[in-house]
Amino acid sequence: MSKVSGIIDKLLFFTLVPSFFLALWLVFIWSPVERVMGAPQKIFYFHVGCAWVAFLAFIIVGYYSVRNLIKPNMNHHIAAGISAEIGVIFTTVTLLSGMIWGKSSWNTWWTWEPRLATTLILWFIYVAYLFVRKMEGSWENIARLSAVFGIIGCINVPIVFMAIRWWNTKLHPVVFGEGKDQSGGGIAPEMLLTLLFSIFTITVLYAFLMRKGIEIEKMRDTVRRAKNRAISRLAS
Amino acid sequence: MSILIDAWTIAWKDLSNELKTKQTIGMMVIFSSLVILVFSFAFDPTNNMVKAVIPGLVWLITIFSGILGLNRSFLSEHENDCLTGLRSAPIDPSSIYLGKVLANFIVVTVVQVISIPVLFILFDYRFLGAILWFMLIVIVGTFGFIIVGTFLAALAANAKNSEMLLPVLLLPLLSPLMIAAVQGTRIVLENQDISDAISWLQLMAAYDLLFLAACFFLFEFIMEGS
Amino acid sequence: MKELGNMLELKNMTKILGDKLILKNVSLVLNKGETLAVIGPNGAGKSTFFKCTVGLLQPTSGDIIIEGQKIQKNSAEIKRKIGFLGHESFLYNTLTPMENLKFYGKLFKVKNIDEKATRLLKEVGLHYFKEIPIRSFSRGMMQRLAIARVLLAEPDILMLDEPHTGLDQEAVALLNRIIKQKQTNGTSILIISHDFDQVHELADRVTILNKGRITETIQLTSDIDLPKMKDWYAEAVAQK
């Protein structure tokens with residue numbers, strides 16, 4: 001078991017490092033500079049990758065939350081927590097890169113563009129989820145409560161997206177032409193390849209971080225148990 | 001059927017208690033009036049801006065004062081560990097949830113009946129919209145707020161700092177409902193095309209039903225445990 | 001007075017809370033009309049044991065059988081048969097004794113609530129206070145009302161979690177009188193207690209729960225007096 005997981009770790013690591021350099025090369029050197037927007041457009045490769053991972057991480061939280069409700073399991077509880085923590089980081093990066101993108105292309109730091117706004121709300125839900133996990137009590141209790149909140153949060157995200165998109169189109173229809181090309185309308189093939197590769201790289205990064213985080217958390221748990229055992233032995 | 005009867009018994013216990021003391025409702029009314037007061041300093045009520053902020057204010061005072069009541073609703077059950085008493089009674093745990101939703105909904109509605117007219121008066125707002133549609137939107141929106149709020153209040157009551165935790169958990173989840181409610185209210189108050197308001201109303205109704213079902217089934221998990 | 005047959009049976013009940021094994025393979029039988037006392041040192045898992053039995057906590061493994069019926073999660077029918085007097089009173093401070101009883105009576109689907117509640121309030125001596133919110137009540141008065149609450153549903157099994165703690169002599173006497181009266185009616189009673197005097201006075205059988213295990217059980221026959229029981233307990237606990 002530990003041998004297999006060791007191999008997976010190595011595999012992830014040795015895929016991650018070269019593909020990261022390759023991604024950087026693709027993004028900054030190989031792919032053409034966009035004519036209208038210029039160099040700032042490059043941020044878009046990381047922005048989309050991080051946004052994808054931010055939502056993926058939340059789906060993973062939801063998945064482990066459901067499993068945890070069906071049968072409480074320490075490993076699932078840890079996995080959900082780590083996924084949420086990584087999710088917060090990627091959501092933050094998405095928001096920041098989105099703001100820089102917005103400043104350079106629309107000359108505004110913030111716009112209530114549905115995807116960006118949903119990401120902001122997602123960030124708040126993540127943070128709330130982590131607050132629930134910080135409650136006092138036995139881990140089973142917290143696992144159950146946080147799982148319940150994770151599920152409710154998961155249900156909420158698509159509704160938020162729908163509501164915000166509706167709100168925007170009903171009031172002031174989308175005026176930013178560039179806003180639409182994020183989904184890849186008339187994108188050059190080199191750009192598309194670069195985009196897909198950077199999404200791949202960031203997903204591998206997520207998987208790598210996830211495994212490391214879970215490992216560290218398990219170690220922490222082992223240390224805590226050993227400590228408790230030592231204390232109870234000293235006391236008796 | 002017995003779920004509903006039990007739920008009403010629990011709701012009536014809270015409501016009759018509230019009728020006697022009038023403490024929570026009184027606090028909530030005063031608080032929402034204070035929020036209106038603070039906002040009238042922030043946005044000059046004599047200004048033309050009033051029209052633009054009124055729909056948002058209706059919901060702001062509802063949520064701010066509602067959170068006060070929601071905090072109380074499960075903390076009061078932790079005195080003398082009454083919640084354990086309820087759990088050891090021969091009732092479905094979901095009836096506790098339904099009962100609390102019912103009681104909270106009625107309390108918040110009563111507060112709205114007082115505070116929304118106060119808002120209109122203090123901001124010198126002439127109501128010209130369709131009153132029935134306005135009431136429908138307010139009721140559907142408030143119901144959704146209470147559904148999620150009661151559920152999260154029960155969840156947060158497990159924490160030591162539940163008063164602080166509740167808004168942090170609740171507000172992000174309320175965001176789609178609030179967008180719909182504020183937009184719907186604005187359309188009705190400005191006498192625009194009602195069919196737009198109806199589509200917002202549909203979104204709110206879908207939100208209400210979805211979360212009512214989800215919370216109803218998940219509530220059992222919150223009640224379980226030591 | 002004694003009937004044959006099991007009222008309540010626990011089979012190999014195990015509970016793990018967090019990383020700790022709180023109850024290890026606890027098996028126990030409570031006969032009809034019998035009074036069984038569970039005693040043991042602090043932290044032996046008595047409260048967890050009780051919560052599992054009442055159905056507030058789900059045991060990790062093992063079965064709870066009441067009158068030949070396995071307890072399912074949240075079974076209303078079983079909960080109606082059990083009267084649970086907990087550590088806390090489960091009463092609402094803002095309500096009057098009468099309102100408290102009526103509220104629980106409705107939840108337990110008791111018939112003739114008014115009549116029964118009035119009678120019970122007289123029985124526990126709170127009749128004159130029935131219109132006063134119980135916020136101002138002393139611990140003894142609270143406990144009396146809590147007992148009235150438990151008796152209201154006329155349960156077949158009474159579960160008492162340290163019922164004598166914090167009561168004065170008069171209240172203890174009242175409580176014992178009520179318990180004895182229930183015993184003659186054929187109610188099965190399970191008591192958790194630290195109070196050896198009361199246990200000796202009330203129980204038919206005593207069992208020791210130590211470090212999550214049932215270690216020893218004795219029948220309290222007439223030749224076992226209080227000092228003898230205490231010796232037996234000290235010995236049983238010291239062994240482990």
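The exercises below work through the chain contacts, one surface patch and the fold of chain A in a predicted model.

**Exercise 1. Describe the contact between chain B and chain C by residue count and buried area.**

Step 1. Count the residues on each side: chain B contributes 24 residues and chain C contributes 26 residues.

Step 2. Take the buried area, which is about 2,400 Å² between chain B and chain C. Carbon and sulfur atoms give 60% of that area.

Step 3. Find where chain B loses the most area to chain C. The residues are B:Asn80, B:Ser88 and B:Pro90, together 27% of what the chain B side buries.

**Exercise 2. Characterise the polar links between chain B and chain C, then the elements and residue classes on the chain B side.**

Step 1. Count the salt bridges: there are 2 between chain B and chain C.

Step 2. Examine one of them, the pair B:Asp6 and C:Lys109. The closest N and O atoms of B:Asp6 and C:Lys109 lie 3.0 Å apart, and this pair qualifies because the cut-off for a salt bridge is 4 Å.

Step 3. Count the polar contacts: 10 residue pairs, with both residues at pLDDT 80 or more.

Step 4. Assign the elements. On the side of chain B that touches chain C, at least two residues each come from helix H1 (2–21) and helix H4 (82–87) of chain B. H1(B) gives the most, with 6 residues.

Step 5. Sort that side of chain B by class: 7 nonpolar, 8 polar and 9 charged residues.

**Exercise 3. Describe the contact between chain B and chain A in the same order of steps.**

Step 1. The contact takes 28 residues from chain A and 30 residues from chain B.

Step 2. The area buried between chain B and chain A is about 2,700 Å², with 79% of it on carbon and sulfur atoms.

Step 3. On the chain B side, B:Leu155, B:Leu173 and B:Phe221 supply 18% of the area buried against chain A, more than any other three residues.

Step 4. There are 4 residue pairs in polar contact between chain B and chain A, both residues at pLDDT 80 or more.

Step 5. Helix H6 (131–156), helix H7 (162–189) and helix H8 (194–223) of chain B each give two or more residues to the side that touches chain A. The largest share, 12 residues, comes from H8(B).

Step 6. By class, this side of chain B divides into 21 nonpolar, 6 polar and 3 charged residues.

**Exercise 4. Locate the salt bridge between chain B and chain A.**

Step 1. The interface of chain B and chain A holds 1 salt bridge, and the count over all chains is 15.

Step 2. Place its two ends. B:Lys160 sits in the loop between H6 and H7 of chain B, and A:Glu136 sits in the loop between helix H4 (114–133) and helix H5 (139–171) of chain A.

Step 3. Check the distance: the closest N and O atoms of B:Lys160 and A:Glu136 are 2.6 Å apart. Side chains of opposite charge can pair when their charged atoms come close.

**Exercise 5. Summarise the fold of chain A and trace its nonpolar surface patch to helices.**

Step 1. Chain A has 7 helices and 0 strands, in the sequence pattern α-α-α-α-α-α-α.

Step 2. The C-alpha trace of chain A spans about 75 × 45 × 25 Å along its principal axes.

Step 3. The patch covers about 1,100 Å², and its members include A:Phe13, A:Phe14, A:Trp25, A:Trp30 and A:Leu193.

Step 4. Helix H1 (residues 2–30) of chain A provides the largest share of the patch, 10 residues. A:Leu193 lies in helix H7 (residues 189–235) of chain A.

Notes. Residues are numbered from 1 along each chain as its sequence is written. Chains are lettered from A and ligands numbered from 1 in the order in which they are written. This is a predicted model: local features need pLDDT of at least 70, side-chain atom pairs count only at pLDDT 80 or more; totals for chains, interfaces and linings use all residues. Side-chain values use heavy atoms; hydrogens and water are left out. Contact means heavy atoms within 4.5 Å. Buried area is the accessible area (1.4 Å probe) that two parts lose on being put together, summed over both. A salt bridge is a side-chain nitrogen of Lys or Arg within 4 Å of a carboxyl oxygen of Asp or Glu. A polar contact is a pair of N or O atoms within 3.5 Å; within protein, one must be able to donate a hydrogen and the other to accept it, and residues adjacent in sequence count only if both atoms are side-chain atoms. Helices (H or I, at least four residues) and strands (E, at least two) are DSSP runs, numbered from the N terminus. Ala, Val, Leu, Ile, Met, Phe, Trp, Tyr, Cys and Pro count as nonpolar, Asp, Glu, Lys and Arg as charged, and the others, Gly among them, as polar. Patches are made of residues with over 30% relative accessible area and no salt bridge: like charges are joined within 9 Å, nonpolar side chains (Val, Leu, Ile, Met, Phe, Trp, Tyr) within 5 Å. Accessible areas come from the Shrake-Rupley method with a 1.4 Å probe; for residues, only the protein chains shown count as cover.
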